[in-house]
Amino acid sequence: MNARIKAWVVDDDHSLRWVLEQALGQSGIDTRSFETADSVLDALSSETPDVLMTDVRMPGKDGLQLLDELANTHSALPVIVMTAHSDLDTAVKAYRGGAFEYLPKPFDVDDAVQLVARAAREATVAVNDDFDPSIAPRLVGQAPAMQDVFRAIGRLAKTSLTVMITGESGTGKELIARALHENSPRHNEPFVALNMSAIPAELLESELFGHERGAFTGAETRRIGRFEQADGGTLFLDEIGDMSLDLQTRLLRVLAEGEFYRVGGQSAVKVDVRVIAATNKTLEKSVAAGEFREDLYHRLNVIRIESPPLRERREDIPRLIDHYLSSAATELETERKRLDPAAMQKLIEFDWPGNVRQLVNFCRRLTVTAPGNNIGLDDLPTELRETTPETVGQWQTALAAWASGAAKAPPPEGLTGVVIPDCERILIRAALAAAGGHRQEAARLLGWGRNTLTRKIQSLGI
């Protein structure tokens with residue numbers, strides 16, 4: 001390092017300022033700390049650091065207001081926004097306000113030091129003044145996996161790039177797609193969603209591209225398809241992996257040329273549509289099996305966002321239950337139900353195979369069936385209340401069944417090449433969640449050294 005980096009820290013928490021001063025100083029970074037936004041603005045009138053780190057919630061001006069002022073006076077200064085209130089709105093506001101990075105608390109200080117060094121080398125994100133974060137849909141999540149989703153939405157907020165959302169059924173892929181749309185330059189234009197698996201194959205072409213009168217029996221009038229409905233806006237294609245190869249070819253042509261023909265039509269229809277696709281399948285395997293076009297896969301997979309299953313974000317379950325119990329009470333016009341600690345703990349331990357969708361329906365069910373407003377263990381459904389030895393051992397049984405079948409036609413990477421990386425990902429995410437994101441503690445829970453954990457995180461793409 002030829003010239004020492006200068007980093008300023010703004011936070012009303014003395015202990016956090018001290019920790020960052022020590023960590024940055026030990027890495028050869030000159031550090032200066034401030035307790036309020038006004039004090040750092042005064043200092044900036046005579047000196048400018050290489051990087052500024054700021055908390056969001058502080059007495060007086062908050063970190064986002066500070067970010068707004070810096071956009072006018074010090075637009076080239078990389079700003080790292082730190083917050084313990086890490087929701088989607090804050091992430092998007094931070095990025096759209098020009099933040100270099102968004103750092104949810106608690107964070108690993110080693111990561112913070114690396115981030116400061118990177119910020120000193122790179123330019124700040126451009127500002128887009130016409131963004132309105134109040135229109136973002138409701139996404140709840142404090143878990144590291146959800147913070148990754150929030151970061152991705154924030155970084156993409158000023159673009160119209162094609163996005164692929166992957167994840168199990170019920171994890172909220174459409175909510176993520178809506179958030180991408182509502183926080184994009186197209187947010188005043190239509191958002192149109194289509195579940196590919198819900199439409200019979202023979203009707204899907206007409207559903208996507210529309211048809212002319214007389215194109216087939218029963219086509220008594222012209223019909224406008226989803227692409228035309230979404231012109232200027234966003235088309236969300238859920239379960240894209242279920243699309244036939246013929247339709248994949250037509251979709252590829254629309255993405256490449258921006259035009260298509262209605263069924264039975266003779267004139268090309270031009271559209272300007274941002275496509276966001278989602279799937280619960282592993283499309284790479286579908287491509288290898290010849291079930292999905294490789295060129296379409298690459299056209300759709302420009303940016304990928306993984307929607308995490310609920311079992312990998314258990315710390316979010318209490319907030320999700322609280323939110324959806326309130327929503328159910330409003331929807332059903334009844335008093336809001338509340339869970340006692342024992343019942344809540346049982347729901348946190350449950351694996352939720354149907355993910356957030358199952359949790360939403362569960363909250364509606366409880367709101368209707370629970371006899372009182374305070375819900376205890378005895379009020380929970382039997383499948384949630386009872387944990388038997390058979391239930392505890394289900395994963396071993398499922399693994400044994402899978403291994404028995406897979407051994408007859410083993411994948412190229414071998415059985416362990418498939419299972420072990422997935423197992424390690426699950427264990428690492430669970431340990432990080434239990435440790436609140438602290439890698440040292442997560443490594444201890446896993447029985448590894450910190451360097452091993454860091455290497456695994458990088459190699460597994462977590």
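# Close-up views of a predicted protein model

**View 1. The whole chain, for orientation.** Of the 462 residues in the protein, 47% are buried (buried is under 20% relative accessible area, exposed over 50%, partly exposed in between, with a 1.4 Å probe and protein chains only). Keep in mind that this is a predicted model, where local features need pLDDT of at least 70, side-chain atom pairs count only at pLDDT 80 or more, and totals for chains, interfaces and linings use all residues. Residues are numbered from 1 along each chain as its sequence is written, and side-chain values use heavy atoms, with hydrogens and water left out. The protein has 21 helices and 14 strands (DSSP runs numbered from the N terminus: helices are H or I with at least four residues, strands E with at least two). Its radius of gyration is 25 Å, which agrees with the value near 23 Å for a compact globule of 462 residues (C-alpha atoms only; the rule is 2.2 Å times the number of residues to the power 0.38). The C-alpha trace spans about 75 × 60 × 55 Å along its principal axes. About 22600 Å² of surface is accessible, and carbon and sulfur atoms own 49% of that (Shrake-Rupley method, 1.4 Å probe; for residues, only the protein chains shown count as cover). Take the contacts between residues at least 6 apart in sequence: 70% of them join residues at least 24 apart (a contact is heavy atoms within 4.5 Å).

**View 2. The open sheet with β1 in it.** Five strands line up as β2-β1-β3-β4-β5, with parallel pairing (two strands pair if DSSP finds at least two bridges between them). β2 and β5 (101–104) are the edge strands, each pairing on one side only. Neighbouring strands are turned by 20 degrees against each other on average, direction ignored (axes are lines fitted to C-alpha atoms, for helices over the stretch in contact, and angles between N-to-C directions run from 0 to 180 degrees). Why call β1 (residues 6–10) largely enclosed by the rest of the structure? Because four of its five residues are buried. β1 runs parallel to β2 (residues 30–34), joined by five bridges, and K6 has D30 as its bridge partner in β2. With β3 (residues 51–55), β1 shares four bridges, again in the parallel sense; there V9 is partnered by M53.

**View 3. Helices on that sheet.** Helix α3 (residues 63–73) packs on the sheet and touches β3 and β4 (79–83), its direction making about 150 degrees with that of β3. Helix α5 (residues 109–121) lies across β1, β3, β4 and β5, at about 135 degrees to β3.

**View 4. The open sheet with β11 in it.** Here the order of the five strands is β7-β8-β11-β6-β12, with parallel pairing. The edges are β7 and β12 (303–306), which each pair on one side only. On average, neighbours in this sheet are turned by 20 degrees against each other, direction ignored. Zoom in on β6 (residues 163–166) and you'll find four bridges to β11, in the parallel sense. I165 stands opposite A278 in β11.

**View 5. The largest nonpolar core.** This core holds 29 residues, and L208, F227, L237, I240, F292 and L300 have the most contacts inside it (a nonpolar core is a set of buried Ala, Val, Leu, Ile, Met, Phe, Trp, Tyr and Cys residues joined through side-chain atoms within 4.5 Å). At least two residues each come from β7 (191–195), α8 (201–209), β8, α10 (245–257), β11 (274–279), α11 (283–288) and α12 (294–300). The top supplier is α10, with four residues. Beyond four places in sequence, L300 is in contact with T162, V163, M164, I240, L255, V275, A277 and F292. A second, separate core has 24 residues, including L325, A343, M344 and L359.

**View 6. Helix α8 and what it packs on.** Which residues of α8 are buried? They are L204, S206, E207, L208 and F209. The buried residues of α8 pack against β7, α9, β8, α10 and β9 (259–260). Right after α8 comes G210, with a positive phi near 80 degrees.

**View 7. G233 and its surroundings.** G233 is found in the loop between α9 (226–229) and β8 (234–238). Is this glycine buried or exposed? G233 is buried, at a relative accessible area of 0%. Leaving out neighbours within four places in sequence, G233 is in contact with H181, R186, E189, P190, D272, V273 and R274. The C-alpha atom of V192 is 8.0 Å from that of G233, though the two residues are 41 apart along the chain.
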